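Biologist: Please take a close look at the salt bridges in this model. Which side chains pair up, and where do the partners sit along the chain?

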Amino acid sequence: MKTRAAVLREMQKPRPYGTSQPLSIEEVTLDPPGRGEVLVRIRAAGLCHSDLSTINGDRPRPLPMVLGHEAAGEVVEVGEGVDDLEAGDHVVFSFAPNCGTCAFCLSGEAALCQPGAAANTAGHLLGGGMRLRQNDETVYHHIGVSGFAEYAVASRRSLTRIDPELPFHIAALFGCAVLTGVGAVVHTGQLRLGQSVLVVGLGGVGLAAVLGALGGGARQVIAADIDADKLETARAMGATHVVNSGDEDAIEQVREISGGGVNLATEFAGVAPALEFAFECTRRGGTTVSSGLPHPDVRLSISPTRMVAEQRTLKGSYLGGHVPTLDVPEYIALYQAGRLPVDRLLTHRLTLDEINEGFERLACGQAIRQVIDL
């Protein structure tokens with residue numbers, strides 16, 4: 001079948017993206033789903049910094065590629081071997097497909113699935129399939145999703161069935177922003193009631209972490225960013241304190257607010273100085289969690305002696321360390337109960353043809369979460 005899709009053919013195009021148009025809306029061919037795969041009509045897809053980091057070259061991927069990894073839609077057709085989904089089911093995509101049989105999947109660490117990571121790196125679907133092309137040219141899949149399109153074929157292992165009453169533009173947020181942000185706090189960071197939390201980097205994922213920290217029972221939620229508008233947004237969402245991390249005394253401010261440093265610091269900015277700032281704001285015996293993805297060549301400057309002598313923990317968090325098929329329905333239930341108001345993250349709704357303007361808005365820090373309605 002033919003489908004319209006946003007195709008990236010060249011990384012590092014100059015800004016503004018509304019002028020350089022790094023993503024071109026093209027008609028591509030989508031082959032039918034293979035064994036263990038599902039054809040989905042995309043209904044909504046979110047714009048995330050992980051997409052932007054491919055556009056600007058921070059996260060190199062094989063090209064050409066249909067981008068988009070945070071999406072929700074409706075099942076149209078299932079491939080051979082798929083017997084637990086049917087046409088009409090509503091689903092959320094996961095950008096970390098899990099095979100269910102490798103050592104990591106069997107130990108409950110689905111986000112670390114080795115075959116899933118290999119497929120994402122290669123631009124294939126889990127199992128090696130490729131269903132996108134344009135004439136004789138191969139078009140790569142973006143981390144198993146390629147959600148900036150009218151239709152997509154994905155592995156069954158990349159999909160979670162959801163409550164059909166949930167609007168698609170809200171459902172899409174659970175594919176990345178919610179799992180990554182909330183999960184970094186309550187799952188990877190293992191927040192305990194009454195602890196203090198610092199959230200560095202207040203994009204969609206960081207603000208989801210603010211909501212997760214509040215919902216998880218933190219006594220203090222300190223939000224930090226260099227953007228004054230984002231700080232005010234965090235305050236409006238319930239952050240107990242805000243700190244401009246660009247201030248010369250920002251670390252001292254956090255230490256004073258928290259009484260010597262926070263129990264848990266989380267970082268979502270994707271730049272080394274932000275992670276180093278988060279680490280410096282963590283108390284002795286505390287934990288620092290990073291979900292940011294800077295360029296692979298970036299290195300940190302952190303004292304191992306302090307990590308040992310002060311018994312600090314530095315952890316990475318990918319997809320919040322979640323098993324999406326288990327955790328997405330639980331988070332959706334919390335949203336529906338009014339305890340995780342992730343709809344407050346949504347600032348713009350776009351058409352597919354407005355995608356480049358949307359990414360310029362994201363690059364400028366003028367949006368939290370933008371969703372394309374398809």
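Modeller: R4 is partly exposed, at 31% relative accessibility. The model is a predicted one, and R4 is a good place to start reading it. Side chains of opposite charge can pair when their charged atoms come close. R4 has such a partner in D353: the two form a salt bridge, and their closest N and O atoms are 2.8 Å apart. R4 belongs to strand β1, which covers residues 2-8, while D353 lies in the loop between β18 (346-350) and α13 (355-363), so the salt bridge ties together parts that are 349 residues apart in sequence. D353 is also partly exposed, with a relative accessible area of 48%.

A second pair involves R15 and E360, whose side chains meet in a salt bridge with an N to O distance of 3.0 Å. R15 is found in the loop between β1 and α1 (17-20), and E360 is part of helix α13; the pair therefore connects parts that lie 345 residues apart in sequence. How buried or exposed are these two partners? R15 is partly exposed, with a relative accessible area of 45%. E360 has a relative accessible area of 15% and is buried, because buried means under 20%.

A third pair is R133 with D31, where the salt bridge has an N to O distance of 2.9 Å. This pair, too, links distant parts of the chain: R133 is in strand β7 (residues 132-134), D31 is in the loop between β2 (23-30) and β3 (37-47), and the two are 102 residues apart. R133 is partly exposed, its relative accessible area being 34%. D31 counts as partly exposed as well, with 22% relative accessibility.

Salt bridges can also share partners. In this model, R255, E280, R306, E310 and R312 are joined into one network in that way. The count of salt bridges comes to 17.

The UniProt record gives some context for these positions. In an unreviewed entry, UniProt lists residues 18-372 as "domain: Enoyl reductase (ER)". In the model, the C-alpha atoms at the ends of residues 18-372 lie 16 Å apart. Helix makes up 30% of that span and strand 26%.

To return to the pairs: R4 with D353, R15 with E360, and R133 with D31 are each joined by a salt bridge.

Technical notes. Residues numbered from 1 in each chain as written. Predicted model: local features only at pLDDT ≥ 70, side-chain atom pairs only at ≥ 80, totals over all residues. Heavy atoms only, no water. Salt bridge = Lys/Arg side-chain N within 4 Å of Asp/Glu carboxyl O. Helix = DSSP H or I, 4+ residues; strand = E, 2+ residues; numbered from the N terminus. Buried < 20%, exposed > 50% of the residue type's maximum accessible area, 1.4 Å probe, protein only. UniProt positions renumbered as here; feature names shortened; annotations may be inferred.
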